[in-house]
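Q: Please take a close look at the aromatic pairing in this model. Set it in the context of the whole chain, and then go through a few single positions for comparison.

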Amino acid sequence: MGSFRPLAAPDSCGVKASEVVDIPYSLDRSWRRAIRAELDAAEEELPRLSKAAFELAALVMSGEYDVVAVGKILESDEELSRHVLALANSPLYAAIATVESASVAAQRIGMRALFELAVIKVARTKIFGPVLKDMLGGKKAWRVACNAGVISHRVSTAKLGSSRASLLGGLILSSGPPLGFQLVQRVEARQGRQLSDRLRGELVRRVGPVLCVLLARIWPLPPSILSAAKSMANWPHDTPPAADVQVAVFSAYLGRLLSAPGFENLSIPVSWPVARALRVDRRQVQELADLVTSGSVTLFDA
């Protein structure tokens, strides 16, 4: 899970990412200095959300559904419109009638899901896109994130109600490895040489969760996602008390587990403290496994 000082968080007053990540002592002084420099600049290097995502975030905050404003946003983004349609017609919404209009589809999924799709589009392009060919078996990192997002939506719908259904709770918490990988690539470029695969993997594991916390802080995401990111970065940890944070953490871990080749022992996730807190049983885990393995819900193609 990485190695961290448990009471320090990168978004605390004056605390930097370089102060909470334990850099491997096996690295020489030059590498350690370069890593600290990249960690100090990490927040500036993180991707920013698109104009569409910020506009949709403002609409979500207003608490009203503005048909005209949503229509203009969808007209300006053909790819987003296509995925709004796909989500509205997916098993996640269990719709009887298929819709063919992006505007109608947006009304079906609601402002929250529409905003989340805009965020997911940025995550796919700027977080996962640059590393799909270089890390974690190619497209696996994005598949893990998408699985976690689908699980998050289904579990949050069941445990919190449809008005609080969220794809982001699991998906964004899967951004640590690709963000960490990009940071390592910047360090290697600074040094003009590469780390061994073992050290690269270890460094990604250590910095990824902290970068995920930073991302959750600077993007206009629900507070539950930031709380979940902090919880995962400070492993081992107690089960988060808030149900929406529990859903996010559970979804991120289950998405990772179900993406592992050959994994079949569903009694393992049922035994997790966070699963017990949510009262997720084996039947429900099996349903989630069937949902992600069926491939019937797609977000943005890898």
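A: For the charge count, Lys and Arg are taken as positive and Asp and Glu as negative, while His and the chain ends are left out. On that basis the protein carries 36 positive and 29 negative side chains, and the centres of the two sets lie 5 Å apart. The model is a predicted one.

The overall frame comes before the aromatic part. The protein has 15 helices and 0 strands. Its radius of gyration is 19 Å, close to the 19 Å that the globule rule gives for 302 residues, so the protein is as compact as a globular protein of that length. The C-alpha trace spans about 60 × 45 × 35 Å along the principal axes. Of the contacts with a separation of 6 or more, 66% are accounted for by residues 24 or more positions apart. Buried residues make up 52% of the 302. The accessible surface comes to about 14100 Å², and carbon and sulfur atoms contribute 52% of that area.

Now the aromatic side chains. The count of aromatic pairs is 3. In one of them, F250 and W272 meet edge-to-face, with 6.0 Å from centre to centre and 75° between the planes. The planes are assigned to that class because an angle over 60 degrees counts as edge-to-face. This pair links distant parts of the chain, 22 residues apart: F250 belongs to helix 12 (residues 243-258), whereas W272 sits in the loop between helix 13 (267-270) and helix 14 (273-278). F250 has 0% relative accessibility and therefore counts as buried, the limit being under 20%. Y253 joins F250 and W272 in one aromatic cluster.

Three further buried positions, each in a helix, can be set beside this. H83 is part of helix 5 (residues 78-88). With a relative accessible area of 9%, H83 is buried. Apart from residues up to four places away in sequence, H83 touches L117, L299, F300 and D301. The C-alpha atoms of H83 and A105 are 9.6 Å apart, and 22 residues separate the two along the chain.

E188 lies in helix 9 (residues 176-191). Its relative accessible area is 8%, so E188 is buried. Beyond its neighbours within four places in sequence, E188 is in contact with W31, R193, Q194, L195 and R200.

S224 is found in helix 11 (residues 223-233). At a relative accessible area of 13%, S224 is buried as well. With neighbours within four places in sequence set aside, S224 is in contact with D244 and V245. Both partners fall within the range given for helix 12, residues 243-258.

R279 offers a contrast in the backbone and in exposure. Most residues other than glycine have a negative phi. R279 has a phi near 60°, a positive value in a residue other than glycine. R279 lies in the loop between helix 14 and helix 15 (282-294). At 70% relative accessibility R279 counts as exposed, whereas F250 is buried at 0%.

To return to the part in question: the cluster consists of F250, Y253 and W272, and the F250–W272 pair within it joins helix 12 to the loop between helix 13 and helix 14.

Definitions and conventions
Residues are numbered from 1 along each chain as its sequence is written. This is a predicted model: local features need pLDDT of at least 70, side-chain atom pairs count only at pLDDT 80 or more; totals for chains, interfaces and linings use all residues. Side-chain values use heavy atoms; hydrogens and water are left out. Helices (H or I, at least four residues) and strands (E, at least two) are DSSP runs, numbered from the N terminus. The radius of gyration is taken over C-alpha atoms; the globule rule is 2.2 Å times the number of residues to the power 0.38. Buried means under 20% relative accessible area, exposed over 50%, partly exposed in between (1.4 Å probe, protein chains only). Contact means heavy atoms within 4.5 Å. Accessible areas come from the Shrake-Rupley method with a 1.4 Å probe; for residues, only the protein chains shown count as cover. The place of a charge is taken as NZ of Lys, CZ of Arg, CG of Asp or CD of Glu. Rings of Phe, Tyr and Trp (its six-membered ring) pair if their centres lie within 6.5 Å; planes under 30 degrees apart count as stacked, over 60 as edge-to-face and the rest as tilted.
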